[in-house]
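Got your viewer open? Here is a walk through one structure, stop by stop, with a selection to make at each.

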Amino acid sequence: MPIAENFPEGLKPTGKVSLSDGNFHIMWGPGKKTNIDGSPAEAFADADVVAAYAARGEEQVPLGVSGTMVAVDWDSCVADGACIEACPVQVFQWYRTEKDIPAKDVVGQTFEGTGKDVKDERKDLTDKADPIREHDCIWCMACVSVCPPQAIKVDQSNVEKHESAAKSL
């Protein structure tokens with residue numbers, strides 16, 4: 001199911017993920033196990049993703065949305081990597097390739113931006129495409145057009161929501 005057209009309405013900032021250069025993006029929650037229509041969120045319905053969490057011995061929990069102007073619904077993201085491959089300015093990286101920690105623990109972390117930005121170089125299907133450099137986005141919408149579960153929303157007008165959320169954290 002596509003990320004909500006009115007994102008981030010109805011969500012609250014749960015924290016931020018920082019880049020060592022001083023930039024950061026907001027995490028929004030709460031996460032979801034089910035979509036609005038009652039169907040399971042894509043990451044919870046995908047047998048390969050569920051198996052990857054089990055293989056790691058990690059509980060799969062609702063994560064929410066990473067980013068504001070470039071927003072990735074991590075509960076819909078199935079780690080396909082199409083967005084990483086499509087992005088001409090490397091906005092995304094596989095977060096686990098830099099810090100191999102559970103996704104639920106990324107809030108409050110600072111990344112160097114040295115994670116892999118190649119589609120097939122994720123750790124496994126528990127990895128998520130993180131818009132670590134959302135401030136570099138050129139608004140081409142390539143990531144939006146290729147995301148199989150439509151988990152990405154790019155909306156430059158959300159900059160005000162980002163700034164407002166940042167003041168509350």
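The tour below starts with the sheet, moves on to the unusual backbone spots and ends in the pockets.

Before you click anything, keep in mind that this is a predicted model.

**Stop 1: the sheet.** Switch to cartoon and pick out the open sheet, where six strands follow the order E6-E1-E2-E3-E4-E8 with mixed pairing. Its edge strands are E6 and E8, each of which pairs on one side only. As general background, strands in a sheet pair through backbone hydrogen bonds, in either a parallel or an antiparallel way.

Now select E1 and E2, an antiparallel pair joined by six bridges. For a landmark, put Lys16 on screen and look for Ile26, its bridge partner in E2. Then go to the hairpin of these two strands: four residues sit between E1 and E2, and Gly22 there has a positive phi near 105°.

What does E1 do with E6, parallel or antiparallel? Select residues 110-111 and you'll find that E6 runs parallel to E1, with two bridges between them. Show Ser18 here, and Thr110 of E6 is what stands opposite.

Next, select 65-66 and 70-73, which are E3 and E4: they run antiparallel and share two bridges. Here Val65 faces Asp73 of E4. Hang on to Asp73, as this residue comes up again in the largest pocket.

**Stop 2: a helix over the strands.** Add residues 159-168. This is helix H5, which lies across E1 and E2 and runs at about 85° to E2.

**Stop 3: backbone oddities.** Most peptide bonds are trans, and most residues other than glycine have a negative phi. Four spots are worth checking against that background.

- Select Phe7 and Pro8, which are joined by a cis peptide bond with omega about 5°. Pro8 belongs to the segment before strand E1.
- Move to Gly29 and Pro30, where the connecting peptide bond is cis and omega is near 5°. Pro30 is in the loop between strand E2 and helix H1 (42-45).
- Pick Gln90, a non-glycine residue with a positive phi of about 50°. Look for Gln90 in the loop between helix H3 (82-86) and strand E5 (93-94). Gln90 counts as partly exposed because its relative accessibility is 36%.
- Finish with Gln150, which is not a glycine either but has a positive phi of about 55°. Gln150 lies in the loop between H4 and E8, and at a relative accessible area of 41% this residue is partly exposed.

**Stop 4: the second largest pocket.** Stay on Gln150, since this residue is also part of the lining here. Others to select include Pro2, Ile3, Met141, Cys147 and Lys153. Which strand gives the largest share of this lining? That's E8, with three residues; helix H4 (142-146) and E8 (152-154) each supply at least two. By class, the lining has seven nonpolar, two polar and two charged residues. The space inside is about 160 Å³.

**Stop 5: the largest pocket.** Last selection: Ala4, Leu11, Lys32, Ile36 and Asp73, which lie nearest the centre of this pocket among its 19 lining residues. How much space is in there? About 320 Å³. Color the lining by class and you'll get nine nonpolar, six polar and four charged residues.

Terms used. Residues are numbered from 1 along each chain as its sequence is written. This is a predicted model: local features need pLDDT of at least 70, side-chain atom pairs count only at pLDDT 80 or more; totals for chains, interfaces and linings use all residues. Side-chain values use heavy atoms; hydrogens and water are left out. On a 1 Å grid over the protein atoms alone, a cavity is a set of points where a 1.4 Å probe fits but cannot get out, and a pocket is an open set with protein on both sides within 12 Å along at least five of seven lines; lining residues have an atom within 4 Å of a point. Grid points are joined across faces, edges and corners, and a volume is the space filled by probe spheres set on the points. Ala, Val, Leu, Ile, Met, Phe, Trp, Tyr, Cys and Pro count as nonpolar, Asp, Glu, Lys and Arg as charged, and the others, Gly among them, as polar. Buried means under 20% relative accessible area, exposed over 50%, partly exposed in between (1.4 Å probe, protein chains only). Two strands pair if DSSP finds at least two bridges between them. Contact means heavy atoms within 4.5 Å. Axes are lines fitted to C-alpha atoms, for helices over the stretch in contact, and angles run from 0 to 180 degrees between N-to-C directions.
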